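Please open the model in a viewer and keep the sequence at hand. The tour below proceeds by selection, and each stop states what is to be found there.

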Amino acid sequence: MNEHLPILLIIIPLIVAMAARLSVRLSVPFTRGLVLAAALAVLACGAGALAETLARGEPWSYHVSGWPPPWGIELVIDPLSGGLAVLVAFFGLAALVYAGPYLQGRTPREQGSFYALFLLTMAGLLGMCVTGDLFNLFVFLEISSLAAYALIAFGGRRAIVAALRYLIIGTAAACFYLLGVGYLYAVTGSLNMADLAVLLPPLMDSPAVILAVVLIVAGLGIKTALFPLHGWLPDAYSYAPAPVLAFLAAVMTKVSAYALYRILYFVTEAAGPVSVTLEVLGWMAAAGILFGSVMAIAQRDFWRMLAYSSVAQVGYIILGLAVGNVLALYGALLHIVSHSLAKGGLFFVAGGVNWETGVRRVPDFVGMAGKMPLTMAAFVVAAFSMIGLPPTLGFFSKWYLVLGCLEAGAWVFVAVLIVSSLLTAVYFFRVIENAYLKGKDDARAAPPFRPAGRRFRLELPAGMLLPILVLSIGVAVLGLFNEQIISNVIHYALPGMLP
Amino acid sequence: MFGQYYHLLDHLAGYASWWLIGVLFLIGLYGIIVKENLLKKIMALNVMQVAVILFFLNTAQKSGATLAVLLPGETAGAVDVYVNPLPAALMLTAIVVSLAVMGVAMALVIQVYRCYGSLEEPEVLRRMHK
């Protein structure tokens, strides 16, 4: 059982997704239990696999159905892919817990479809994390994307159009990626990442490899929502249902960024045309950081503001990859963790506020701190992490990014990082000001309505409040232990650090 | 008469299929960007996917080679006697993926038409933001 952990990560959600759609005809609570148990099992598998590879000190290669690597499909668990798989599994579980109250009004059929699609998205993302084969990555990319399009369409009338537009752009992106993989295959005759890393170096300057790198970066760049390619993101994020949105915003773009990192640093080893590509990516990311932050300030809708903030925050990760020294890569990988926790938490908060009070626009947040104290406290912690105030995790990831840029002598990037932190502070403090400082007098005038029969009432259903609180506490606590995360996991996720 | 262009003709004879696939891919991309009807966009998307599928199959081709199937009573020949079977196997998967994409896209298109009564993108966006 233990030696099959890598494949179980993918198989469990796939099988339970199929089962959920059937078992929902029998009993909805049973299905919900089954789905949550599956998500928990996946999290346990991911944690077990990560612990195993850290204990071994070398990547754990799993051969699907026993075929050895260059011919068969290889799954690779190393600290990088294992760590990301744990993150994906954790957010899957958190979003499924959160989705419980959200789905209550829906018919059993809709609930079954929701759970099935959600688990399919999860299976696809986990597969993208652990696969060691470029074509297999494409298949998992399409599984996760297709299920995600359908999940976004759950959000109602406007979400359907957003989902369809995302589908068109996303499928075009997958075509670009696949064409790039085709060029690599035509040049080397292999699709295995480790095998390609051996075969590619003498060929790096051939036009075919240059074209392949450009096509792959364009394809994955669209999926990551890197600045000029981010057009699908604001609409898709504004109209999707909250649990889906938190999951997608937290991990989906990160997994594509991870695939980019894996291909640029582990397959092509940042040599030849890739170093030029990285330079271009760095400038695109810097432009995206400023653009996303400014656009976020311009938004009146809270959800849309967070969506544009995502465009900016993905830029940080790509910027770290582009600078590419040890400190900047620490920063980029730590930012994957910190941004998922903070942005996942923020979208949970946005969904919770909308669920309880129907508020979406920033000006309507006046007096929210009195109505929903715990939720808004969690919001403040997550917002501090996004801005980069110590001791939250976001401070440390930005700190490493700035140190990396200083070491590389990239002064423009340092300036961009600092300016964008200020811009982030502007749009989050606007919300905090509305929620905490304005409207005190109104609150005193009209005491909050309390139902007579019950003395104590949670501001949100427990299933929604729990993930919000866990994430906000996680942001603060992991910030204190960031040194342990870096020296025990992230350090081994850098190229050349594992033997 | 066209003596000095023979190398060009040679080039076309050897690479015409690649150029055609490239043109097909760009036609698909053009359709996605320029066409305003959502259904036409999806058709263009399919053209793009077909171009990629043909690209992979084209990498496997060799003139004068046969299928990589060993019939009873035959002995295996050298590698260049056989067409590379791997791209065909990969593209079988890619065709299934493109089928799934079409399925989801058509389902969404039907929903869009039901909700908005139109498939012209500017019109749908106008009604969506109203």
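Begin by selecting Ser81(A) in this predicted model. Apart from its neighbours within four places in sequence, Ser81(A) is in contact with Val76(A), Cys129(A), Val130(A), Tyr258(A) and Arg262(A). The residue belongs to helix α3 of chain A, which covers residues 79-102. Is Ser81(A) buried or exposed? Its relative accessibility is 0%, so Ser81(A) counts as buried.

Next, follow the contact with Val76(A) and select strand β2 of chain A, residues 74-77. Glu74(A) and Val76(A) point one way from this strand, whereas Leu75(A) and Ile77(A) point the other way. This is in keeping with a general pattern: in a regular strand, side chains alternate between the two faces of the sheet. All four of these residues, Glu74(A) included, are buried.

Now add strand β1 of chain A, residues 60-63, to the selection. How many bridges join β1 to β2(A)? There are four, and the two strands run antiparallel. Within this pairing, Ser61(A) has Val76(A) of β2(A) as its bridge partner. Val76(A) is thus found both in the bridge to Ser61(A) and among the contacts of Ser81(A).

Between β1 and β2 of chain A lies a loop; select Ser65(A) there. Ser65(A) is not a glycine, yet its phi is positive, at about 50 degrees. Most residues other than glycine have a negative phi. The relative accessible area of Ser65(A) is 61%, so this residue is exposed.

A second backbone site of this kind is Ala225(A), another residue other than glycine, with a positive phi near 65 degrees. To find Ala225(A), select the loop between α8 (207-224) and α9 (233-239) of chain A. Ala225(A) has a relative accessible area of 0% and is therefore buried.

Continue to the peptide bond from Pro390(A) to Pro391(A), which is cis, with omega near 5 degrees. As a general rule, most peptide bonds are trans. Pro391(A) is placed in the loop between α15 (373-387) and α16 (393-408) of chain A.

For the last local stop, select Ala123(A) in helix α4 of chain A, residues 108-130. With a relative accessible area of 1%, Ala123(A) is buried. Which residues does Ala123(A) contact, leaving aside its neighbours within four places in sequence? They are Ile10(A), Pro13(A), Leu14(A) and Phe140(A). Add Leu9(A) as well: its C-alpha atom is separated by 7.6 Å from that of Ala123(A), although the two residues are 114 residues apart along the chain.

Finally, select the whole of chain A. Its secondary structure comes to 20 helices and two strands. Along the principal axes, the C-alpha atoms fill a box of roughly 75 × 60 × 45 Å. A compact globule of 499 residues would have a radius of gyration near 23 Å, and the 22 Å of chain A agrees with this. Buried residues account for 61% of the 499 residues. Of the contacts in chain A with a separation of 6 or more, 78% involve residues 24 or more positions apart.

Colouring by atom type and by charge completes the view. The accessible surface of chain A is about 17,700 Å², and carbon and sulfur atoms contribute 69% of this. Chain A has 27 positive and 22 negative charges, whose mean positions are 18 Å apart.

Definitions and conventions. Residues numbered from 1 in each chain as written. Chains lettered and ligands numbered in written order. Predicted model: local features only at pLDDT ≥ 70, side-chain atom pairs only at ≥ 80, totals over all residues. Heavy atoms only, no water. Buried < 20%, exposed > 50% of the residue type's maximum accessible area, 1.4 Å probe, protein only. Pairing = 2+ DSSP bridges. Contact = heavy atoms within 4.5 Å. Rg over C-alpha atoms; globule rule 2.2 N^0.38 Å. Areas by Shrake-Rupley, 256 points an atom, 1.4 Å probe, with all protein chains shown as cover. Lys, Arg positive; Asp, Glu negative; His and termini not counted. Charge placed at Lys NZ, Arg CZ, Asp CG, Glu CD.
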